[in-house]
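Here are a few exercises to work through with the model open beside you. Each one sets a task and then walks through a solution.

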Amino acid sequence: MVGIIGHGISYTLSPALHNAAFRALAMNWVYVPLRVKPEHVHAALRGLAALDFRGANVTVPHKVEAARLADELRGEAAVLGAANTLVVEDGRLVGHNTDPTGFQGLLREAGVDVTGVTVGLLGAGGAARSVVLALAREGARTVYVLNRTESRALELRERLKGVVASTEIRVGKLDKEGAKVLRDCQLVVNCTPLSGDEGEELPIDYSFLDEGKWVIDLKYGRRSALLRFAAQRGARVADGGGMLIHQAAASFALWTEKPAPLEVMREAYRKAVERGDMEAKR
Ligand code: NDP
């Protein structure tokens, strides 16, 4: 047994990806969505070992709390102070974070080379932290982190500055004025839940998203209004599907100690999006 612990996660495609992988490898495993309210997260995490789970993914809003409650943090989870994957080892909870690996997988698959480039990041939440770490590992020169709450962007820089010494992290406000830096960025990554759909406009000048730029929106599923707009103006675009698949593959390997069947997961994702599973379950 493995699963995903989160709140408001009816849209998640993770069970489809993992269960398809288990079936393809004829493994007697199952991955279940576990809806957990913030006040119950401690009991839920402790219950994993009691219920003989091998582990779980953790998503909004529990990633930081999962890192706090884990008995041990390894690798990226320790650096980020957030865990998206827990593994039960001899009754102990070991926290990992496969989101940076997921974003690096997205970059590789989309063919985005960030060596020496300037990146504009919208948002400074959990996903943004993982993306900055991944960008630094891939050799980005400068990352502008723009956030509605500037103090959160400063916190991000504080946490990561020693770890990503070769990449300069600059912070600013996510508003029309602050977002003028996007003009000079070769890559723009949206790490907020706003994507220009349903009247939720990002407070940036969309005309900066044009030819010669890469624009990535971490949202997955149907292409967001932001990406449609950027593509129309000649930018190259990618959604967060690649990140979802690659972080899932890395979690799969941690639990099962086997390489994930990436093609099977990719196909399961494609079919779920085609069926409109996310929209249907919201
Ligand atoms: P968090 O809640 O940790 O952070 C949300 C961020 O969005 C914050 O920077 C927040 O700013 C900003 N934000 C939220 N609402 C608004 C608004 N109305 N106006 C301006 N800024 C806003 O979420 P995550 O970082 O975990 O997730 C962000 C997005 O990335 C989500 O859409 C999520 O689905 C996606 N994601 C995709 C993954 C994938 O595998 N493809 C993996 C992880 C996340 P403030 O600090 O001011 O509140």
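**Exercise 1. Find the polar contacts of the ligand in this predicted model.**

Step 1: Start with the side chain of Arg-152, where an N or O atom lies 2.9 Å from an oxygen atom of the ligand.

Step 2: Now turn to the backbone. A polar backbone atom of Ala-127 is 2.8 Å from a ligand oxygen, and a backbone N or O atom of Gly-125 is 3.4 Å from an oxygen atom of the ligand.

Step 3: Check these distances against the cut-off: a pair of N or O atoms counts as a polar contact within 3.5 Å, so the three pairs qualify.

Step 4: Look at the cover as well. On its own the ligand exposes 920 Å², and the protein buries 78% of that.

**Exercise 2. Describe the surroundings of the ligand.**

Step 1: Locate the site, which is the largest pocket.

Step 2: List the neighbours. There are 20 residues around the ligand, and those that come nearest are Ala-124, Ala-127, Asn-147, Arg-148 and Thr-149.

Step 3: Sort the shell by character: 10 residues are nonpolar, seven polar and three charged.

Step 4: Trace where the shell comes from. Helix 6 (126-137) and helix 9 (241-256) each give at least two residues. Domain 1 (2-97 + 242-275) and domain 2 (110-239) each contribute at least three.

**Exercise 3. Inspect two places where the backbone is unusual.**

Step 1: Recall the general rule: most residues other than glycine have a negative phi, and most peptide bonds are trans.

Step 2: Go to the loop between strand 3 (55-58) and helix 3 (63-69), where Pro-61 is found. The peptide bond joining Val-60 and Pro-61 is cis, with omega about 0°.

Step 3: Move to Ala-26, in the loop between helix 1 (14-24) and strand 2 (31-35). Ala-26 is not a glycine, yet its phi is positive, near 50°.

Conventions: Residues numbered from 1 in each chain as written. Predicted model: local features only at pLDDT ≥ 70, side-chain atom pairs only at ≥ 80, totals over all residues. Heavy atoms only, no water. Near = heavy atom within 4 Å. Polar contact = N/O pair within 3.5 Å; in protein donor to acceptor, adjacent residues only side chain to side chain. Areas by Shrake-Rupley, 256 points an atom, 1.4 Å probe, with all protein chains shown as cover. 1 Å grid on protein atoms, 1.4 Å probe; cavity = no way out; pocket = protein on both sides within 12 Å on 5 of 7 lines; lining within 4 Å. Sits in = over half its atoms within 2 Å of the grid points. Helix = DSSP H or I, 4+ residues; strand = E, 2+ residues; numbered from the N terminus. Nonpolar A, V, L, I, M, F, W, Y, C, P; charged D, E, K, R; others polar. Domains from an automatic or database assignment.
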